[in-house]
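Colleague: Got a minute? I'd like to go through this chain with you.

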Amino acid sequence: MLYKKLFDELAEGKFDDVMMFKTLDLNPILEFSKELTDFIKLNLKEIREFNLKSLMNIVIDRFRKVGKSYDILEVHYILQENRSNLNFKYTNYDENKLTKYLYNTTTYWKGNRNPEDVPIEEAWKCQICEFADDCDWRKKKIIELQRSKRSLNK
Ligand code: SF4
């Protein structure tokens, strides 16, 4: 859903490239290296200045010609090992759901809220988590489990 949102914002001319450069701490007018400039010269005849700002203007201009994407998304599950297609499904794009998800995620990463407990259905991921030994949630769940075992044994 996030890719669709990015795609549509580019296609509708809503994408804020100035904000992107600022967020990623990029200098949009810094000249490209000679190697990159030579490569771009071969592939983008319309570019006038060899920097990110100029390249981004061309990207945005091309997206505007494509138009907004469809609201039904198709998800494919591909096996990394041999690239075989395991399954696929269709899902409806839900802008409200995505906005809530992004808000919830960014408030955490900006330090404006505490982490939430993991839904128990997602706990299988803890088996491969590098933070498992220090994870407060796991410790809390282990204590809860020990307590419930004790109360069953009484
Ligand atoms: S061990 Fe803790 S940090 Fe790691 S996935 Fe599980 S809940 Fe998250």
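Colleague: Which residues are around the ligand?
Modeller: Val 118, Lys 125, Cys 126, Cys 129, Phe 131, Ala 132, Cys 135, Trp 137 and Arg 138 surround the ligand. A residue is near a molecule if its C-beta atom, placed from the backbone, lies within 6 Å of it.

Colleague: And how does that shell split by class?
Modeller: It has seven nonpolar, no polar and two charged residues. Here Ala, Val, Leu, Ile, Met, Phe, Trp, Tyr, Cys and Pro count as nonpolar, Asp, Glu, Lys and Arg as charged, and the others, Gly among them, as polar.

Colleague: What kind of model is this, and how are residues numbered?
Modeller: It is a predicted model: local features need pLDDT of at least 70, side-chain atom pairs count only at pLDDT 80 or more, and totals for chains, interfaces and linings use all residues. Residues are numbered from 1 along each chain as its sequence is written.

Colleague: Zooming out, which elements does the chain have?
Modeller: Six helices and two strands. Starting at the N terminus, the order is α-α-α-α-β-β-α-α. Helices (H or I, at least four residues) and strands (E, at least two) are DSSP runs, numbered from the N terminus.

Colleague: Is the whole thing spread out or compact?
Modeller: Spread out, more so than a compact globule, because its radius of gyration is 23 Å, well over the 15 Å that the globule rule gives for 154 residues. The radius is taken over C-alpha atoms, and the rule is 2.2 Å times the number of residues to the power 0.38. The C-alpha trace spans about 80 × 35 × 35 Å along its principal axes.

Colleague: How much of the chain is buried?
Modeller: Buried residues are 1% of the 154. A residue is buried if 20 or more other C-beta atoms lie within 10 Å of its own, exposed if 12 or fewer, and partly exposed in between; C-beta atoms are placed from the backbone.

Colleague: What about domains?
Modeller: The domain assignment gives domain 1 (1-69), domain 2 (70-116) and domain 3 (118-153). Such bounds come from an automatic or database domain assignment. The C-alpha centres of domain 2 and domain 3 are 25 Å apart.

Colleague: Now the strands. In which sense do S1 and S2 pair?
Modeller: Antiparallel, with seven bridges between S1 (residues 72-78) and S2. Strands pair if DSSP finds at least two bridges between them. Ile 78 sits opposite Asn 85 in S2, and Ile 72 has Asn 92 as its bridge partner there.

Colleague: How many residues of S2 are buried?
Modeller: Zero of its eight, so-called hardly covered, for residues 85-92. S1 also has a buried count of zero, among seven residues.

Colleague: Which residue in the hairpin has a positive phi?
Modeller: Arg 83, near 60°, with six residues between the strands. Most residues other than glycine have a negative phi. Arg 83 counts as exposed because it has 7 other C-beta atoms within 10 Å.

Colleague: And Asp 25, where is that?
Modeller: In the loop between helix H2 (17-23) and helix H3 (34-43). Its phi is also positive, near 55°. Asp 25 is exposed, with 6 C-beta neighbours inside 10 Å.
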